[in-house]
Amino acid sequence: MPSALIDLSNLGFAWPGQPELLDIPHFQLQPGESLFLKGPSGSGKTTLLGLLGGVQQPDRGRVSLLGTDLGKLSSSARDHFRVDHTGYIFQQFNLLPFLPVLENVLLSCRFSTTRAQRASKRHGSIEQAATQLLGHLGIRSELLSRRADSLSIGQQQRVAAARALIGQPELVIADEPTSALDSDSREAFIQLLFAECREAGSSLLF
């Protein structure tokens, strides 16, 4: 049986001066599995996603990704580990507005040699990988040189997804990525995201 992609043990977290927000005795997500987190605002969904990426540290317990205990890594080592193995789609997308679409997607490979090597091996170059991925996500080639802030909300969302998916990270974390879309667009994007994660071999957590 393969090792768990995510392994949580006795996980607890509370914001300063607040009651405990998260109490997870045990949880595992296997490679290739995906999980949808559902709960009201303030229930700790975004906090849990931050803990899984090593952005935050738990008050107690262990967060293990790909067999690596994130709590045993230095802050710098966690940053490197995160960019190598995790792709993020943020609520507000967090694209760099002054950069062209293509360069926004390539940022993941600029910061991660591991993902750059994977993208180049699969597609010939990181540029070809980005172009093909954007095409799959419905971004036309004539938009690749446009500034990110000139795109529609839906287009920015797809660029953010391409940035998260390039280089085949083992885990893609999407923090309410459809909150700015109407119900029809939301369903279409989720189905597209699932399809791209399956093709890349990535687990999806959102």
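Let me start with Ile-89, which, once its neighbours within four places in sequence are left aside, is in contact with Ala-160, Ala-161, Ala-164, Val-172, Ile-173, Ala-174, Asp-175, Pro-177 and Leu-193. Please keep in mind that what we are looking at is a predicted model.

Ile-89 belongs to the largest nonpolar core, a set of 38 residues, and it is listed there with Leu-134, Val-159, Ile-166 and Leu-193 as having the most contacts inside that core. As for where the residues come from, at least two are supplied by each of α3 (101-111), α4 (113-123), α5 (126-136), α6 (153-165), β6 (171-174) and α7 (183-200), and the largest share, six residues, comes from α6. There is also a second core, separate from this one, with 21 residues, among them Leu-29, Leu-65, Leu-171 and Ile-173. As a general remark, nonpolar side chains in soluble globular proteins tend to be buried together.

Let me now turn to the sheet, which is open and built from four strands in the order β2-β1-β3-β4, with antiparallel pairing. Its edges are formed by β2, residues 22-29, and β4, residues 68-69, each of which pairs on one side only. Between them, to take one pair, β1 (residues 6-13) and β3 (residues 60-65) run antiparallel and are joined by five bridges; Gly-12, for instance, has Arg-60 of β3 as its bridge partner. Packed on this sheet is helix α1, residues 45-52, which touches β1, β2 and β3, and whose direction makes about 125° with that of β1.

Key
Residues numbered from 1 in each chain as written. Predicted model: local features only at pLDDT ≥ 70, side-chain atom pairs only at ≥ 80, totals over all residues. Heavy atoms only, no water. Pairing = 2+ DSSP bridges. Contact = heavy atoms within 4.5 Å. Axes fitted to C-alpha atoms, helices over the stretch in contact; angles between N-to-C directions. Core = buried A, V, L, I, M, F, W, Y, C linked by side-chain atoms within 4.5 Å. Buried < 20%, exposed > 50% of the residue type's maximum accessible area, 1.4 Å probe, protein only.
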